Amino acid sequence: MPTPKQMEKLASKSSRVPEPPIPAPGTADDLPEAYWDSIVRDPRGQIRTGVPIQQRRLSGIPRHVLRVSCRRCDRIVEIQTVDAVRVYGAHALWKDVGMKLLDNGCKERTGRLEEDGCWPSFETT
């Protein structure tokens with residue numbers, strides 16, 4: 001049981017008007033400007049409008065190592081950008097260089113010329 005002093009204290013607290021709770025943002029509420037600002041500035045949400053990597057020239061690719069893999073036989077070929085420029089030239093397309101690197105290496109053969117060979121996948125990681 002509370003003491004008489006504690007009971008008086010509790011009775012005096014109930015006579016005060018409680019502060020209204022701060023409502024949490026709901027689906028119909030507007031979001032703060034800072035939220036939208038952070039969304040717009042986030043680099044993960046930027047739309048990349050550049051040329052795909054397989055259509056770039058070797059001199060225009062900023063990566064140190066280039067990787068192409070075959071979707072059929074899962075073979076992976078890597079080459080340093082400097083070496084690729086030295087062998088194939090700075091103006092060669094990465095798509096053409098990747099196809100040359102995968103030539104005559106696919107183990108999956110069907111007997112049809114159109115289907116034989118590797119199916120390249122130019123990785124961007």
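What follows is a conversation about a sheet, the helices beside it and one threonine in a predicted model.

Biologist: What makes S1 and S2 count as paired strands?

Modeller: Two strands pair if at least two bridges are found between them, and S1 (residues 65-70) and S2 are joined in the antiparallel sense over five bridges, so they meet that requirement. Within this pairing, Val-68 stands opposite Val-77 in S2.

Biologist: Why are S2 and S3 called edge strands?

Modeller: The open sheet has three strands in the order S2-S1-S3, with antiparallel pairing, and strand S2 (76-80) and strand S3 (120-122) each pair on one side only. From one strand to the next, the twist averages 25 degrees.

Biologist: Which strands do helices H3 and H4 touch?

Modeller: Helix H3 (residues 81-88) packs on the sheet against S1 and S2, its direction making about 85 degrees with that of S2. Helix H4 (residues 94-102) touches S1, S2 and S3, and its direction makes about 60 degrees with that of S1.

Biologist: Why is Thr-81, which lies in helix H3, called buried?

Modeller: Its relative accessibility is 9%, and buried means under 20%, so Thr-81 counts as buried. Among the residues that Thr-81 touches, not counting those up to four places away in sequence, are Leu-58, Ile-61, Val-65 and Leu-66.

Biologist: How do you know that the side chain of Thr-81 makes a polar contact with the backbone oxygen of Arg-63?

Modeller: The side chain of Thr-81 reaches that backbone oxygen of Arg-63 at 2.5 Å, and the cut-off for a polar contact is within 3.5 Å, so the distance satisfies the cut-off.

Terms used. Residues numbered from 1 in each chain as written. Predicted model: local features only at pLDDT ≥ 70, side-chain atom pairs only at ≥ 80, totals over all residues. Heavy atoms only, no water. Helix = DSSP H or I, 4+ residues; strand = E, 2+ residues; numbered from the N terminus. Axes fitted to C-alpha atoms, helices over the stretch in contact; angles between N-to-C directions. Contact = heavy atoms within 4.5 Å. Buried < 20%, exposed > 50% of the residue type's maximum accessible area, 1.4 Å probe, protein only. Polar contact = N/O pair within 3.5 Å; in protein donor to acceptor, adjacent residues only side chain to side chain.
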